[in-house]
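Please examine the sequence and the model shown below. The paragraphs that follow discuss charged pairs first and an enclosed space afterwards.

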Amino acid sequence: MKYPAYLAACAALACAVNVAGAADLGSSPITLISPFPPGGGTDTLTRMLGAAVAADTGWNIVVENKPGAGGNLALDSVARAKPDGHTLVMAQTDNVVLNPWLYKKLTYDTFKDFKPVVLVASSPSVYVTMPKSPYHTIDDVEKFAKKNPGRLSVGVPGVGSSGDLISQLWRKEAAIDIMTVPYRGWGQAFPDLSSGRIDIYNGSVATLLSQIKGGAVHAIGVVADQRSQSLPDVPTFVEKGYKKIDQTIWWGLMAPGQTPDDVVQQLNAAVNKAIAKPDFVAKLRDAGYQALGGTSADFAKRYKQDYDAFGAVITESGIEKQ
């Protein structure tokens with residue numbers, strides 16, 4: 001699945017910030033809800049975006065953290081919010097795409113109760129090992145795994161997460177037996193990786209970039225259709241011949257489902273203008289992200305494609321809904 005960035009179209013979209021007839025979004029604060037706690041990657045990205053858009057538009061933008069239930073608390077609050085453009089959520093692959101496949105009961109309909117506004121950024125996931133590990137490449141892992149089925153383990157950020165599903169794809173495509181160990185996140189997994197209790201870890205480039213650049217861990221492979229701008233020397237799984245292992249994680253703003261199209265267009269144009277600026281693009285790259293952008297329809301298309309693709313993996317893997 002290939003998803004090109006849409007920054008080339010941003011200049012044309014930027015002129016539409018003051019859409020005729022659109023609501024006055026500066027009349028009251030705009031709340032950007034982050035489904036995760038302060039200090040994490042999603043929180044950082046949300047605050048970077050809010051500050052950039054506020055600087056361009058003069059809007060009063062407030063970031064509110066609403067973690068819990070795999071992002072469902074944040075998504076539910078936005079689904080029920082007044083659809084006037086003043087409450088948005090920073091949705092991502094691991095909640096708005098995967099949760100409908102992982103939870104038996106949701107308080108929202110993932111397609112009816114949200115309206116995609118704009119894709120903000122993406123960050124591929126990356127597999128890392130310890131620098132002194134004997135596994136320095138994808139080939140090293142696969143050679144050992146084929147000779148020693150079930151001996152290797154890979155840590156992932158949660159059962160049914162994108163990292164878990166991508167690892168299941170890798171096992172299937174390479175015909176190897178590697179045990180998956182779920183964690184709450186990198187902070188919990190690192191002690192086990194450093195002590196040798198697990199052999200590999202999968203997380204986003206945005207989460208692991210500083211650890212990789214600082215030499216704390218070694219990157220062996222990126223999950224994307226092209227190399228990460230933040231890790232240009234690390235090969236992709238696609239380069240190794242795994243054309244299906246290219247699921248880049250994305251973040252994007254979503255509004256309540258009944259938000260008027262003219263309001264969505266105004267928000268879309270403002271975000272596109274902010275994230276097209278070279279300094280913002282550079283900040284994202286330094287943090288492990290790639291700026292995206294594009295239209296609301298572009299976002300809706302990508303969302304549906306990933307929903308179908310990850311759903312097929314979940315169904316085939318037999319992961320039961322919680």
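**Salt bridges and an internal cavity**

This predicted model contains 10 salt bridges. Three of them are described here in turn, together with the accessibility of each partner.

One salt bridge joins the side chains of Arg80 and Asp76, with a distance of 2.8 Å from N to O. Are these partners buried or exposed? Arg80 has a relative accessibility of 62% and is therefore classed as exposed, since this value is over 50%. Asp76, in contrast, counts as buried, because its relative accessibility of 18% is under 20%.

A second salt bridge is formed by Lys115 and Asp261, whose closest N and O atoms lie 2.9 Å apart. This pair connects distant parts of the chain: Lys115 belongs to strand S4, which covers residues 114-123, while Asp261 belongs to helix H10, and 146 residues separate the two. Lys115 has a relative accessible area of 18% and so is buried. Asp261, at 56% relative accessibility, is counted as exposed.

A further salt bridge is found between Asp192 and Arg197, where the closest N and O atoms are 3.7 Å apart. In this pair Asp192 is the buried partner, because its relative accessibility is 16%. Arg197 is exposed, as its relative accessible area is 64%.

Attention now turns from charged pairs to the enclosed spaces of the model. How many cavities of 30 Å³ or more does the structure hold? There are two cavities that reach this volume. The second largest cavity is considered here, and its volume is about 60 Å³.

Which residues line the second largest cavity? Its lining consists of Ile30, Leu32, Leu49, Val53, Trp59, Ile61, Leu88, Leu253, Leu267, Ala270 and Val271. At least two lining residues are supplied by each of three elements, namely strand S1 (30-34), helix H2 (41-57) and helix H10 (261-275). Helix H10 provides the largest share of this lining, with three residues. Helix H10 thus appears in both parts of this account: Asp261, the salt-bridge partner of Lys115, lies in helix H10, and helix H10 also contributes to the lining of the second largest cavity.

What is the chemical character of the residues in this lining? The lining comprises 11 nonpolar residues, with no polar and no charged residues. The salt bridges described above, by contrast, pair charged side chains, such as those of Arg80 and Asp76.

Methods:
Residues numbered from 1 in each chain as written. Predicted model: local features only at pLDDT ≥ 70, side-chain atom pairs only at ≥ 80, totals over all residues. Heavy atoms only, no water. 1 Å grid on protein atoms, 1.4 Å probe; cavity = no way out; pocket = protein on both sides within 12 Å on 5 of 7 lines; lining within 4 Å. Points joined across faces, edges and corners; volume = space filled by probe spheres on them. Helix = DSSP H or I, 4+ residues; strand = E, 2+ residues; numbered from the N terminus. Salt bridge = Lys/Arg side-chain N within 4 Å of Asp/Glu carboxyl O. Buried < 20%, exposed > 50% of the residue type's maximum accessible area, 1.4 Å probe, protein only.
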